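Here's a quick tour of one protein model, going from the inside to the surface. Have the structure open while you read.

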Amino acid sequence: LIGHELGHVLYGHFKLNDTINAIEENASLVFNNNESDKDILQQYNKNLLKMYMELNADMYGAVVLSEKIIELGLKSLIDKINIPLVAFIKIAISSIYCVQNLFMQTHPIGKSNYPHPTVRLSFLIDIITRQLSQIYDPNKIEFNIKETIDKQLMEIMNFSEDNKLGNSRIDQQDVSNDIQKDIDAAKQGFNKFYSDMEQYFFKLF
């Protein structure tokens, strides 16, 4: 969450508002869409810039979390604490799911400028998987990062369901439609921006 908010600041999503002597999110801007975006815009009333800014900030939050996993894993080795790297990864993935699951329960279908929490969850996990896969050699750490993350996500989802901790109601048609619209909009307008921002990903030393 801290990484997400830092992302808003570092990516320039805020402006100074002299009238109230505060900083506010620049969500009132209108996204300048190209011709290929017209179809989604005609059936979609969300503020797409707001949606893209949230995904952009999520990207930085995922980078911060990936860095923390690496830092804790290294510290465990140096201090001989003997906490395996896989444990830090599982805790991180479970934490992401728990936070997004809370958002899912209050997300107003078709009325929010925020991407659906299911979309954000998938996005965050994809970035962390890719980040860590660039740093760690599976032959050296003796486990596959993607498989480990996918398995942990399923375990925490099943745990939440078994213990009635709430879910995103993705089996309902209106929820499913809302998620699909967010996915379509992100694919059309965010992919180029996403590729441009990959310069902020970790690189192998």
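## Inside and outside

Set aside the neighbours within four places in sequence, and Leu-132 touches Ser-66, Ile-69, Ile-70, Ile-89 and Ile-145. Keep in mind that this is a predicted model.

Leu-132 also turns up in the bigger picture: the largest nonpolar core has 32 residues, and Leu-132, Ile-69 and Ile-89 are the ones with the most contacts inside it. Which elements give two or more residues to this core? They are α3 (48-78), α4, α5 (117-135), α7 (145-162) and α8 (173-189).

Now for a polar residue, Ser-94, which sits in helix α4 (residues 85-106). Is Ser-94 buried or exposed? Ser-94 is buried, because its relative accessible area is 14%, under the 20% cut-off. Beyond its neighbours within four places in sequence, Ser-94 is in contact with Gln-152 and Ile-156. Its side chain also has these polar partners:

| Partner of the Ser-94 side chain | Distance |
|---|---|
| Lys-90, backbone oxygen | 2.9 Å |
| Gln-152, side chain | 2.8 Å |

So Gln-152 shows up twice for Ser-94, once in the list of contacts and once as a side-chain polar contact.

Over on the surface, look at helix α1 (residues 2-10), where you'll find Leu-10. Leu-10 counts as exposed because its relative accessible area is 55%, over the 50% cut-off. Together with Ile-2, Leu-6 and Val-9, Leu-10 forms a nonpolar surface patch with about 420 Å² of accessible area.

Terms used: Residues are numbered from 1 along each chain as its sequence is written. This is a predicted model: local features need pLDDT of at least 70, side-chain atom pairs count only at pLDDT 80 or more; totals for chains, interfaces and linings use all residues. Side-chain values use heavy atoms; hydrogens and water are left out. Helices (H or I, at least four residues) and strands (E, at least two) are DSSP runs, numbered from the N terminus. Buried means under 20% relative accessible area, exposed over 50%, partly exposed in between (1.4 Å probe, protein chains only). A polar contact is a pair of N or O atoms within 3.5 Å; within protein, one must be able to donate a hydrogen and the other to accept it, and residues adjacent in sequence count only if both atoms are side-chain atoms. Contact means heavy atoms within 4.5 Å. Patches are made of residues with over 30% relative accessible area and no salt bridge: like charges are joined within 9 Å, nonpolar side chains (Val, Leu, Ile, Met, Phe, Trp, Tyr) within 5 Å. Accessible areas come from the Shrake-Rupley method with a 1.4 Å probe; for residues, only the protein chains shown count as cover. A salt bridge is a side-chain nitrogen of Lys or Arg within 4 Å of a carboxyl oxygen of Asp or Glu. A nonpolar core is a set of buried Ala, Val, Leu, Ile, Met, Phe, Trp, Tyr and Cys residues joined through side-chain atoms within 4.5 Å.
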